[in-house]
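Work through the exercises below with the sequence and the model at hand. Each task is followed by its solution in steps.

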Amino acid sequence: MIEFKSVSKVYPNGTRGLNNVNLTIHKGEFVVIVGLSGAGKSTLLRSINRLHEITEGEILIDGKSITAAKGKELRYIRRNIGMIFQNFNLVKRSTVLRNVLSGRVAYHSTLRTILGLFPKEDMDLAMDALERVNIKEKAYSRADELSGGQQQRVSIARALAQGAKIILADEPVASLDPLTTKQVMNDLKRINQELGITTVVNLHFVDLAKAYATRIIGIRAGNIVFDGPVSEATDDVFADIYGRNLKDDELLGGAL
Ligand code: ADP
């Protein structure tokens, strides 16, 4: 479903964000990418939908090269990829429903979406998505009236309304408290299991990664230094990923 072929990314200032990454993520997996701040997690995740351009290699989505895609083809590939951000990326002054409907924009003409004319099917999709993350009753509230956890659920609903087959979540719980963190991670996991949506999440908490992932990918200085099931991700593995003994580290104190 997602395939990295010898992918490298060098930023214009010479920083190497990714170094010859080879990786295949299959449909329905729940992959957590872990590593220190600056390791390259975000670069890796954002390369998948080309929020970051790679400088070498190729990335395939469902067998099609997103690296080579242009125009309409690129839009079609991107339509299948939902993105969840740490800061939710909602239009704060719009209603929850409008934010979720914005997930449908790629299916319609620009004029139609500027005018806010969404067909009944889109409304149904949006309401169903809100129901799936248990905040249907907030549909007509302004996005900024919601708590952080609720806003993150709105962004998950937006990805669902979009019809995403892949969800990329870049530190989705970094600005949430421990209880809300658990709720949002549970939502992501449930959607992954119920709808078979391939999910790739960046997290820096080891405990959370272990609790939710089916597969953990460890990245250090742009290199993949571990890739395997949670059962094989021992303390020694994490010490290697983080380049030091985690026992003394706050990261072990995770959010669970
Ligand atoms: P992480 O998500 O693991 O914290 P990033 O992918 O954001 O790491 O960053 C990987 C490396 O690339 C870091 O050294 C970071 O400083 C560098 N980097 C990230 N974005 C840019 C940029 N726009 N320009 C230059 N260097 C960058």
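**Exercise 1: the largest cavity**

The largest cavity holds about 40 Å³ of space. Here a cavity is a set of points on a 1 Å grid over the protein atoms alone where a 1.4 Å probe fits but cannot get out; grid points are joined across faces, edges and corners, and the volume is the space filled by probe spheres set on the points. The model is predicted: local features need pLDDT of at least 70, side-chain atom pairs count only at pLDDT 80 or more, and totals for chains, interfaces and linings use all residues. Residues are numbered from 1 along each chain as its sequence is written, and side-chain values use heavy atoms, with hydrogens and water left out.

Task: find which residues line the largest cavity and sort the lining by class.

Step 1. A search of the whole structure gives one cavity of 30 Å³ or more.
Step 2. Lining residues have an atom within 4 Å of a point; for the largest cavity they are Glu 171, Val 173, Ala 174, Thr 181, His 204, Phe 205 and Leu 208.
Step 3. The classes are nonpolar (Ala, Val, Leu, Ile, Met, Phe, Trp, Tyr, Cys and Pro), charged (Asp, Glu, Lys and Arg) and polar (the others, Gly among them). The lining has four nonpolar, two polar and one charged residues.

**Exercise 2: helix 5**

Task: compare the expected span of helix 5 with its end-to-end distance, then locate its buried residues.

Step 1. Helices are DSSP runs of H or I with at least four residues, and strands are runs of E with at least two, numbered from the N terminus. The expected span is 1.5 Å times one less than the number of residues.
Step 2. The 13 residues of helix 5 (residues 120–132) should therefore span 18 Å, and the end C-alpha atoms are 18 Å apart, in agreement.
Step 3. Buried means under 20% relative accessible area, exposed over 50%, and partly exposed in between (1.4 Å probe, protein chains only). In helix 5 the buried residues are Asp 122, Ala 126, Met 127, Ala 129 and Leu 130. They lie on the same side of helix 5 because they cover an arc of only 160° around the axis, taken from the directions from the helix axis to the C-beta atoms.
Step 4. The face turned away from the buried side of helix 5 carries the exposed Lys 120 and Glu 121.
Step 5. With contact meaning heavy atoms within 4.5 Å, the buried residues of helix 5 pack against helix 3 (96–101) and helix 6 (148–161).

**Exercise 3: Asp 187**

Task: is Asp 187 buried or exposed?

Step 1. Asp 187 is in helix 7 (residues 178–195).
Step 2. Its relative accessibility is 3%, so Asp 187 counts as buried.
Step 3. Not counting residues up to four places away in sequence, Asp 187 touches Val 133, Arg 153 and Ile 156.

Terms used:
On a 1 Å grid over the protein atoms alone, a cavity is a set of points where a 1.4 Å probe fits but cannot get out, and a pocket is an open set with protein on both sides within 12 Å along at least five of seven lines; lining residues have an atom within 4 Å of a point.
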